[in-house]
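Visitor: I have a structure to look at and have not seen it before. Can you walk me through it?

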Amino acid sequence: MNELVFFINNVVIAGSVTGSIYAIGAIGVTLIFSIMRFAHFAHADMMTFGAFMVLLLTTAFPAAGTAIGVPTALIMLPLAMVLTALLAVGIDKAFYKPLRAFGVKPIVMVIGSLGVTLMLQGLIRLFAGTGGQSLYVGDRKEIFRLGLPFEGARAPIVVTEPQLYLFVITIACVVALALFLNRSRLGKAMRAMSDNPELAQASGINTNTIVAVTWVIAGGLAAIAGTLLSLDVTFKPDLSFFLLLPIFAAAIVGGVGHPYGAIAGGFVVGFAETLAVFNWNVLLRPFQESFPAWLELPSNLAFVGTEYKIVVPFFILVAILVWRPTGLFKGKVI
Amino acid sequence: MNDKTASYTPRDTTVARRFPLREVVLFAALLVAVLGVYALMGAAYSTRMLVEAACYAILALGLTIQWGYAGQFNAGVMGFVALGGFSAMLFSVPVNDAFWGTELPGELGRVLLYGLAAIVVVIGATRLDRFGVPKLLRTLIAVILAVVLYLIVISMLREVTGEIQSRAGFVGGFGLPPWVGWIVGGALAGGVGYFIGHICLGLRSDYLAIATLGIAEIIKAFLKNSDWLTRGTATVSPLPWPTPGPSELGFTLSRAIYLSLTAVIIAVIFFLLHRAYHAPWGRMIRAIRDNEVSAAAMGKDINKRRLEIFVLGCILMGLGGGVLGTFNSLFDPQGYLPLNHTFLVLVMVILGGPGNNLGTIFGAVAVYIIWIMSEPLALYVMQLVATLGESAGWTLPSNLDSRALQARVLVIGMLITVVLRFAPKGLLPENIKAHG
């Protein structure tokens, strides 16, 4: 039983945590892809920027959360979302809009977004230094240990407070996004534009508004994902390079331009990562007696070491590009 | 047909006869800048800078044929450079008797053979449907076989490499001249490029950028963590030079000789690329870049040509990485940074002029001088701000120096966006002949 608890802690919970973060990030990437038709490389740095805003606000008002009983960082999250959304719209106005006006190829936009990535990274590092910092400035990270009502299960299931918030916020985001895309006028206009920009414009949809709304949503979601990630571990200015590949892999697995696909893709990539670094020997050890004598299991049965975690999203990306380049849910943009 | 050729031949000659004023002015400015650096920083330092700039010029030439000739964006130059550096290290470092004198090479070879056998078995399993096995069952068998065999081989490999690490340190080198390593480095990089290009080049161009970004990080992670092969973070030094080293001739002279060697390499590459660019092959590549559909309609095999040029660019990057690694005389996997080895090269190419070899070399040298000089400049500016701030009563963070260097990230990012916005063709634009 202890082995099973170990599995739940290390795979089910850890996988859902990374999966949710990748999913929220991938939604933003896929929305930008479907409206503006380019891979937005600066997305991971917008996530870092959102987390950094939360860090700044939390450091400025460390006691704000204790009044209500939630971590201060979460109170500051909406504000950080607004700031990141503003940043996203501003970046679009300053850097991407002129390029779009020239009618450049999408790949030039990609290079432009790499330039923006470096600028954001430089700014964040200039102000935040290069070390890691915890978002829990004034308050303490709660850890819940749930014992199991079974015979022989001594190890508890461990969930931390930010992980619980993360699950709640992820579900809320997904529901809100689904409602927005399916029910609201703007959401429908967005879907129309992603299907056929010319037709959408001809039928009276203001494409400039749609572009701005896309950036607001993408920026807000990026701030959420970045903050939740930094709450779970710590805030580091160089988070972005390790996020970029999994997020793009998630978006492509789900089918580019397909928000629900991105959510599924995020969880696929997140679980694949945790399953790949999990040491399977732990699960097989209880059955060691029933194996034939010549079969001696090595002590390390993980597929890849944790230092090679980045191989997993890449492998998934390659596999999906080879066998099903449209993604699992038949994305539109190829 | 005949009068058509007659009508555009004269225009060709007028284009060719244009006096290259822009080129002359820019290169004169560059010469002045180089002389200025010599006057300020001394001969040894400046010669080192020039050699490094020359190595970067090889990398930039590799990128300019991918981006400038064919419109493919490689966001993982760093990975190919690291491969070249690794190969230069592996071939030129002296032989390690603590490894080769034992049974360990045999063990390692046996595991690698098992790995090969496993690959063959899995590939065989994917062909099972030709013998009447249902496709679903075949996929299942292949996947299970792949997982199990992979686990077996990887555990054996972990055992052997752990043994190598604890008993011999690392495998050491082959003790061959460095140029063998450079060539093999180019071949390795070309092989990786073939793998990536084969998967991505038929798809949207964005996917290539994502995939190259990923493979670069993977190559770096592999080189950093394979202590048995590269000594990982412990780094390997010194790497022998193909030319007389500083201990025999002094810094300036030995670096100058190395510089002439790199200059010869660049000249050869430049000449070959120049010929290729003006050959029918080069025209075909540009036709594909400018209008894929019409090139395909003319019967050109687009994906094959794209793969060719992508692999060619990667080979040049591997070669340049090898030359750079040997010159640094130190193999440090952690020293390969996306900023220094991917984005700096990108700035060189888009600033100098994508598709114009001369412009690319100009961009490489100019940007590298700016990059090297920006380090003392950034520190100076930060110091100035610090003294001003202290007089105004601010408390300053202690790690000011490292933060000043971070400002260079910002500047590189800004350069990329500004150049794309205001000079999308670079300082020396590609010289496209107008054919009426």
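Visitor: Which pattern does chain A follow, read along the sequence?
Guide: The pattern of chain A is α-α-α-α-β-β-α-α-α-α-α-α-α-α. That is 12 helices and 2 strands. Helices (H or I, at least four residues) and strands (E, at least two) are DSSP runs, numbered from the N terminus.

Visitor: Anything to know before I go on?
Guide: This is a predicted model, where local features need pLDDT of at least 70, side-chain atom pairs count only at pLDDT 80 or more, and totals for chains, interfaces and linings use all residues. Residues are numbered from 1 along each chain as its sequence is written, while chains are lettered from A and ligands numbered from 1 in the order in which they are written.

Visitor: What does the model score?
Guide: Its ipTM is 0.88 and its pTM is 0.89. In chain B the average pLDDT (the predictor's confidence in each residue, from 0 to 100) is 86, and 93% of the residues score at least 70. Residues 1-15 of chain B have a pLDDT below 50, and this stretch has 8 contacts in the model beyond near neighbours in sequence.

Visitor: What counts as a contact?
Guide: Two residues are in contact if their C-beta atoms, placed from the backbone, lie within 7 Å.

Visitor: Back to chain A. What is its radius of gyration?
Guide: It is 21 Å, which agrees with the value near 20 Å for a compact globule of 334 residues. The radius is taken over C-alpha atoms, and the globule rule is 2.2 Å times the number of residues to the power 0.38. The C-alpha trace of chain A spans about 70 × 50 × 40 Å along its principal axes.

Visitor: How much of chain A is buried?
Guide: Buried residues are 46% of the 334 in chain A. A residue is buried if 20 or more other C-beta atoms lie within 10 Å of its own, exposed if 12 or fewer, and partly exposed in between, with C-beta atoms placed from the backbone. Among contacts in chain A with a separation of 6 or more, 77% are between residues 24 or more positions apart.

Visitor: And chain B?
Guide: Chain B has 18 helices and 0 strands. Of its 436 residues, 39% are buried. Its C-alpha atoms fill a box of roughly 70 × 65 × 50 Å along the principal axes.

Visitor: How many residues of chain A are in contact with chain B?
Guide: 42 residues of chain A are in contact with 40 residues of chain B. On the chain A side, α3 (72-102), α4 (106-128), α9 (240-253) and α12 (311-323) each give two or more residues. The largest share, 17 residues, comes from α4(A).

Visitor: What classes of residue are on that side of chain A?
Guide: There are 32 nonpolar, 8 polar and 2 charged residues. Ala, Val, Leu, Ile, Met, Phe, Trp, Tyr, Cys and Pro count as nonpolar, Asp, Glu, Lys and Arg as charged, and the others, Gly among them, as polar.

Visitor: Pick a residue in α4 of chain A. Where is A:Ala128, and is it buried or exposed?
Guide: A:Ala128 lies in helix α4 of chain A. A:Ala128 is buried, because 21 other C-beta atoms lie within 10 Å. Apart from neighbours within four places in sequence, A:Ala128 is in contact with A:Phe52 and A:Pro237.

Visitor: New topic. At what angle do α5 and α6 of chain A cross?
Guide: The axes of α5 (residues 161-183) and α6 (residues 185-195) of chain A cross at roughly 75 degrees and come within 5 Å. So α5(A) is roughly perpendicular to α6(A). Axes are lines fitted to C-alpha atoms, for helices over the stretch in contact, and angles run from 0 to 180 degrees between N-to-C directions. Angles under 35 degrees count as roughly parallel, over 145 as roughly antiparallel, 65 to 115 as roughly perpendicular and the rest as oblique.

Visitor: Any backbone oddities?
Guide: Most residues other than glycine have a negative phi, and most peptide bonds are trans. A:Arg37, in the loop between α1 (2-36) and α2 (43-60) of chain A, has a positive phi, near 60 degrees. In chain B, the peptide bond from B:Ser237 to B:Pro238 is cis, with omega near -5 degrees. B:Pro238 lies in the loop between α10 (227-230) and α11 (246-249) of chain B.
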